[in-house]
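The following note is offered to a colleague who is meeting this structure for the first time. The points are numbered so that each may be read beside the model.

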Amino acid sequence: MTTATMPAAAVAAPFKQDATVIGLIGLAHGSSHFGHLILPLLFPVFMQEFGLNYSQLGLLMTAFFVVSGVGQACAGFVVDRFGARPLLFMALSLFVVACVLASFASSYAGLMLVAVLAGLGNATFHPVDFTILNQRVSAPRLGYAFSAHGLSGNLGWALAPVFFASLGAVIGWRQTYLAAALLFVVVIGVLASQRQHLHTTVARKVAPVAGGPKAEHDMAFMKLPVVWWCFGFFLLSTMTLAVVQSYAVSILKAMHGVSFEAATYTISSYMLFGAVGMFIGGFVAAKSKHSDRVVAMAMAAGAVLLALCGTGWLGATGTMVVLAITGFAVGIGGPSRDMMIKKATPKGATGRVYGLVYSGLDTGFAISPLVFGAFMDRGWYGATLLGAALVLLLSVGAALGVGRRTSVP
């Protein structure tokens with residue numbers, strides 16, 4: 001059967017050691033989330049420069065996340081077999097190349113190449129991150145580690161709009177892409193200097209004993225219904241997030257006449273509030289025995305708030321404020337979501353399960369721009385937010401479905 005060397009997390013480690021690992025993975029995760037937005041934040045610019053419509057722009061993000069999703073499911077097997085660290089550095093290097101190519105893009109084809117390379121870079125982060133955290137962080141601190149992981153991702157999302165809006169206004173969008181490439185190079189340097197903290201042990205095959213049980217196939221975990229319920233949760237909840245990231249700026253401008261700068265900073269506020277929610281959610285996850293219920297309540301609250309934004313009743317300021325608070329509500333459920341997935345993960349299959357489950361995230365990001373991009377092209381701005389709220393509400397059922405399959409009688 002497949003076994004794994006006893007992870008370091010099984011033995012209590014000094015706080016400083018755990019904090020270092022958590023910080024390094026947080027830096028890597030924040031960088032990957034920054035990379036998610038290197039294209040959608042420039043959508044208004046691309047529409048003007050290249051004459052593109054919302055559906056064409058949405059297809060860029062679909063390409064990004066199709067590549068990322070397929071790559072992520074495959075990356076989990078590679079991580080389990082060869083370790084997480086090499087893939088981490090490869091992924092960050094791909095983001096460097098993508099940013100450099102984006103600075104020279106002169107056509108839709110050039111932007112599509114950037115989307116594919118960035119998607120390939122994004123593919124490895126979740127199986128890499130969670131394999132390192134589960135092996136290198138002491139078990140009692142995992143809830144806080146998952147909180148910091150999610151928080152750092154939101155900070156990466158929050159930094160990107162400020163980075164591109166501020167630098168773009170001063171040095172232009174092409175030079176801003178080169179500055180982003182330099183930022184990724186700095187991150188690589190920091191992680192390389194601390195690479196000893198990122199080492200993981202790998203799952204190994206042990207020959208079955210004569211007369212004993214047959215060796216378990218590497219794909220056996222895919223027979224578990226709970227894994228697919230987790231996949232479904234990520235697909236649904238992420239479709240909503242994709243709407244906020246890709247279209248909220250345009251929706252705020254169209255529905256309420258909000259300036260590009262103000263709308264962009266609203267997205268940063270959504271992500272910052274989400275980070276605060278994840279910080280608080282880390283303490284909730286560490287104490288709660290019912291991760292699925294915490295996730296369900298957080299997503300339900302987020303769906304209600306997002307639906308209010310979609311009605312148009314709140315006006316410009318009210319919509320921006322409530323949209324930011326929506327990030328807080330969803331953020332609280334983040335660490336509990338990761339604990340929920342951990343409960344569904346068989347021993348020795350961390351990379352594979354997280355790779356498959358988190359490819360649901362990429363699938364949601366890939367589908368959402370196609371569906372809601374068509375809404376946007378028809379001017380259905382409020383309906384786009386209402387549809388995103390409905391999808392988030394459906395994710396509540398998926399979270400409770402996971403809980404029913406992982407609860408201890």
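1. Gly153 and its surroundings. The model shown is predicted, and a useful place to begin is Gly153, which lies in helix α7. With a relative accessibility of 0%, Gly153 counts as buried, the cut-off for that class being under 20% relative accessible area. Setting aside residues up to four places away in sequence, Gly153 touches His29, Gly30 and His33. Gly153 is also 122 residues from Ala275 along the sequence, while the two C-alpha atoms are 8.0 Å apart in space.

2. Gly143, in the same helix as the residue above. Helix α7 also holds Gly143. Its relative accessibility is 6%, so Gly143 is classed as buried. Beyond its neighbours within four places in sequence, Gly143 is in contact with Gly282, Pro335 and Met339. A further pair worth locating is Gly143 and Ser288: 145 residues separate them in sequence, and 10.0 Å separates their C-alpha atoms.

3. Ser147. This residue, too, is placed in helix α7, which covers residues 142-171. Ser147 has 5% relative accessibility and therefore counts as buried. Its contacts, neighbours within four places in sequence left aside, are Met278, Phe279, Gly282 and Pro335. Gly282 and Pro335 are thus found in the contacts of Ser147 and also in those of Gly143.

4. The packing of α1 and α6. How are these two helices oriented toward each other? Helix α1 spans residues 15-36 and helix α6 spans residues 125-136; they pack at an angle of about 170°, and their axes are 10 Å apart. Angles over 145 degrees count as roughly antiparallel, and α1 and α6 are therefore roughly antiparallel to each other.

5. The residues of that contact. On the α1 side, the residues are Asp18, Val21, Ile22, Ile25, Ala28, His29, Ser32 and His33; they meet Phe125, His126, Asp129, Ile132, Leu133 and Arg136 of α6. By class, the residues of this contact comprise 7 nonpolar, 4 polar and 3 charged. His29 and His33, which take part here, are also touched by Gly153 of point 1.

6. Ile188. The place of Ile188 is in helix α8, residues 173-193. Apart from residues up to four places away in sequence, Ile188 touches Phe89, Leu92, Ser93 and Val96. Ile188 and Ala28 stand 160 residues apart along the chain, with 8.6 Å between their C-alpha atoms. Ala28 is one of the α1 residues that meet α6.

7. Helix α9. Does the span of this helix agree or disagree with its number of residues? Helix α9 runs over residues 225-256, and at 1.5 Å a residue its 32 residues should span 46 Å; the end C-alpha atoms are 44 Å apart, which agrees. There is nevertheless a kink of about 65° in α9, centred on Tyr247. The helix is mostly covered, with 24 of its 32 residues buried. Just after α9, Gly257 takes a positive phi of about 65°.

8. Trp380. This residue is placed in the loop between α14 (350-377) and α15 (381-406). Its relative accessible area is 43%, so Trp380 is partly exposed. Trp380 and Ile251 lie 129 residues apart in sequence, and their C-alpha atoms are 9.2 Å apart in space.

9. The protein as a whole. The individual points above may be set against the overall composition: the protein has 15 helices and 2 strands. Of its 409 residues, 55% count as buried. Among the contacts with a separation of 6 or more, 86% join residues that are 24 or more positions apart.

Technical notes. Residues numbered from 1 in each chain as written. Predicted model: local features only at pLDDT ≥ 70, side-chain atom pairs only at ≥ 80, totals over all residues. Heavy atoms only, no water. Axes fitted to C-alpha atoms, helices over the stretch in contact; angles between N-to-C directions. Helix = DSSP H or I, 4+ residues; strand = E, 2+ residues; numbered from the N terminus. Parallel < 35°, antiparallel > 145°, perpendicular 65-115°, else oblique. Contact = heavy atoms within 4.5 Å. Nonpolar A, V, L, I, M, F, W, Y, C, P; charged D, E, K, R; others polar. Expected span 1.5 Å × (residues − 1). Bend = angle between axes of the 7 residues up to and from the residue. Buried < 20%, exposed > 50% of the residue type's maximum accessible area, 1.4 Å probe, protein only.
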